[in-house]
Amino acid sequence: MRQGIPLLAAVLTASALAVLPGCGGPSTLRGAPAASATGPGRDPGEFSRQVDVGGGRRLWLSCKGSGAPTVVLESGLHDSSDTWNLTDTRPPVPKAPAVFPGVAAFARVCTYDRPGTIRYTNPPALTTRSTPQTGTRSLGAMEADLDRMLTAAHVPGPYLLVGHSFGGMVTRLYAQRHPEKTAGLVFVDAFGTDMEPYFGPRWPAYLELLDNPGTPFDADPAFEKVDVDGAIGAVRAARPLPDVPMAVLSKTEPFAAPAGSAKALLAPLERAWPAVQQTLVELGEQTPHLLATGSDHYVQLHDPDLTIGAIRLIAGRIRFGR
């Protein structure tokens, strides 16, 4: 693992392994300031606030920028919205803006904290900005939260949905259930429905690793847990994706993992990943497949320019009818 802020890097590494694959945490993290509700010279449409989604629950939502379509950034399993506000570029790669402010330069963009996800503060902590929940969550519940939040906050659609890792499952089910609200999709090294055959009898062990990746928060009842098998079933049972512009971004480097990680789980994961990415490409017609050369699983951190560029490409296709 790269050296840097030790605890933060360690948590990122462990969390990334759960996000579904496992990746080396960034060592030199550059952050973009979070939006605030008020302030001199700020766009009145820029805000960060809690949104009431019913049942006594609130979700933290940040929006910035202007212009259609509205881009919605969905983080991977266990990750708060912080991953869209951080970068880990290093020489000779020029310093680039993080994805959230980068996209805000040409479109309205929103991101939010799912309950039980990790804030990359110092020290890292579970988010308190969204109402905590306990127990294993279904993909349907996560998708419903997203829809309720966007509706309650009056975020204008239709949306260009950008999903990283397991977040790609959330955006995929959202698009299947709400085609009229979906303008386009970008999958950022996203999880798929076709991984289990590569693991064989080791699949249950992999699912256990996803929910208990070795972070300091594994035993916390509020730490995000998800029913992966149920999620795969929900996507397979839903209607096909709408015919909208799509793009797929994929890593080129192996999944980095903490020392001592089980090779019996990492090996099938590496074998599965190219096939998973190709399946995502085949979900739509004329879908560009962009490879983030030199990047591990956190493409939005290691190659924010490419991530922003892919979002801009699909936004342009939406605006000009592909």
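**Exercise 1.** In which loop is the place of Pro-69? Then describe the peptide bond that leads into Pro-69.

*Solution.* The model is predicted. Start with the location: Pro-69 sits in the loop between strand 3 (57-64) and strand 4 (70-74). Now take the bond from Ala-68 to Pro-69: it is cis, with omega near -5°. Most peptide bonds are trans.

**Exercise 2.** Find the loop that holds Pro-123 and describe its bond from Asn-122.

*Solution.* Pro-123 lies between strand 7 (118-119) and strand 8 (125-126), in the loop. The bond from Asn-122 to Pro-123 is cis, with omega near 5°.

**Exercise 3.** Are His-154 and Asp-189 buried or exposed?

*Solution.* Take His-154. Its place is the loop between helix 3 (139-152) and strand 10 (159-164). His-154 has a positive phi of about 60°, though it is not a glycine. Its relative accessible area is 69%. Exposed means over 50%, so His-154 is exposed.

Turn to Asp-189, in the loop between strand 11 (182-188) and helix 5 (196-199). Asp-189 is not a glycine, yet its phi is positive, about 40°. Its relative accessibility is 0%. Buried means under 20%, so Asp-189 is buried.

**Exercise 4.** Work out how helix 4 is oriented relative to helix 7, and which residues meet.

*Solution.* The axes of helix 4 (residues 167-177) and helix 7 (residues 228-237) come within 9 Å and cross at roughly 30°. Angles under 35 degrees count as roughly parallel, so these two helices are roughly parallel to each other. The crossing is left-handed. From helix 4, Met-169, Arg-172, Leu-173 and Gln-176 meet Ala-231, Ile-232, Ala-234 and Val-235 of helix 7. Sorted by class, this contact has six nonpolar residues, one polar and one charged.

How values were computed
Residues are numbered from 1 along each chain as its sequence is written. This is a predicted model: local features need pLDDT of at least 70, side-chain atom pairs count only at pLDDT 80 or more; totals for chains, interfaces and linings use all residues. Side-chain values use heavy atoms; hydrogens and water are left out. Axes are lines fitted to C-alpha atoms, for helices over the stretch in contact, and angles run from 0 to 180 degrees between N-to-C directions. Helices (H or I, at least four residues) and strands (E, at least two) are DSSP runs, numbered from the N terminus. Angles under 35 degrees count as roughly parallel, over 145 as roughly antiparallel, 65 to 115 as roughly perpendicular and the rest as oblique. A crossing is left-handed if the near helix is turned anticlockwise from the far one by less than a right angle, and right-handed if clockwise. Contact means heavy atoms within 4.5 Å. Ala, Val, Leu, Ile, Met, Phe, Trp, Tyr, Cys and Pro count as nonpolar, Asp, Glu, Lys and Arg as charged, and the others, Gly among them, as polar. Buried means under 20% relative accessible area, exposed over 50%, partly exposed in between (1.4 Å probe, protein chains only).
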